[in-house]
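Biologist: Before any term is accepted, I should like to hear the reasoning behind it. Please show the model under discussion.

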Amino acid sequence: MIAVNTVKSLIIPWPAKFEPRWFKPSSHASNRESKEHTRYFDYSGSPRSFDSDALLEMIRQAEKSVNRVHIIIFPELALTEENLSDLLRALAQSQSRGKLPMVLTGIRSEGTDKNKLGTNSVVLSTFFAGRWYQLRQNKHHRWKLDASQIRQYNLSGVLAGNRDWWEAVTISQRKLSVLAPNKWLALCPLICEDLA
């Protein structure tokens, strides 16, 4: 019998429902002398945190079919730092250490004022030697919403459709983070436009 190396993923589409009001024009602006027709937007995401009890139940249900979940995946901008910390704490308290899955998620934070931009990053959390370790990577490229996307996502009530809108997040020095936990698996988390 040939052993097959597999990674069993639990993908959680959160938030379950999208709200246009989570997008708003940002106070961050281009230089006044700029001829650009672009503007910036902020994304707040769902005001509700993902429930740790719901996550634990999803893992229990998935394990009935696949025996073990190796990694839980949330989308870009899905969670806040606080929400991720709550989920990791719940996982560590309820799962046996040998079966703790990794957690890969998009993390968002809003800017605090017009001089500080928000962040959009991806975090891979893995439990090892009694604690969670995190591999964090900031987004490399801002999300750009054009007129067709504004129509597609029904955002015309909050963002003008005659302009291009860029995500108002900090773009730091680009780096690629790679985690190679064994000889057959290497993980390199990326966010959406970073694949370009």
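The exchange below concerns a predicted model and takes up a helix pair and two pockets.

Biologist: Why is α1 called oblique to α2?

Modeller: The axes of α1 (residues 52–66) and α2 (residues 81–94) cross at roughly 50 degrees. Angles under 35 degrees count as roughly parallel and 65 to 115 as roughly perpendicular; the crossing of α1 and α2 is therefore oblique. The axes come within 9 Å, and the crossing is right-handed.

Biologist: Which residues make the contact of α1 with α2?

Modeller: From α1 come S52, L55, L56 and I59, and from α2 come D86, L87, A90, L91 and S94. Contact here requires heavy atoms within 4.5 Å. By class, six of these residues are nonpolar, two polar and one charged.

Biologist: What makes up the lining of the largest pocket?

Modeller: That pocket holds about 340 Å³ of space. Its lining has 18 residues, and R68, H70, M102, T126 and P181 are the closest to its centre. Strands β6 (119–128) and β10 (179–182) each supply at least two lining residues. By class, the lining has ten nonpolar, five polar and three charged residues.

Biologist: How many polar residues line the second largest pocket?

Modeller: None: the lining has ten nonpolar residues and one charged residue. W14, P15, F18, W22, F23, Y43, P75, E76, L77, A78 and W143 form this lining. Trp and Tyr count as nonpolar and Glu as charged, so E76 is the charged residue in that list. The volume of the second largest pocket is about 250 Å³.

Notes: Residues are numbered from 1 along each chain as its sequence is written. This is a predicted model: local features need pLDDT of at least 70, side-chain atom pairs count only at pLDDT 80 or more; totals for chains, interfaces and linings use all residues. Side-chain values use heavy atoms; hydrogens and water are left out. Axes are lines fitted to C-alpha atoms, for helices over the stretch in contact, and angles run from 0 to 180 degrees between N-to-C directions. Helices (H or I, at least four residues) and strands (E, at least two) are DSSP runs, numbered from the N terminus. Angles under 35 degrees count as roughly parallel, over 145 as roughly antiparallel, 65 to 115 as roughly perpendicular and the rest as oblique. A crossing is left-handed if the near helix is turned anticlockwise from the far one by less than a right angle, and right-handed if clockwise. On a 1 Å grid over the protein atoms alone, a cavity is a set of points where a 1.4 Å probe fits but cannot get out, and a pocket is an open set with protein on both sides within 12 Å along at least five of seven lines; lining residues have an atom within 4 Å of a point. Grid points are joined across faces, edges and corners, and a volume is the space filled by probe spheres set on the points.
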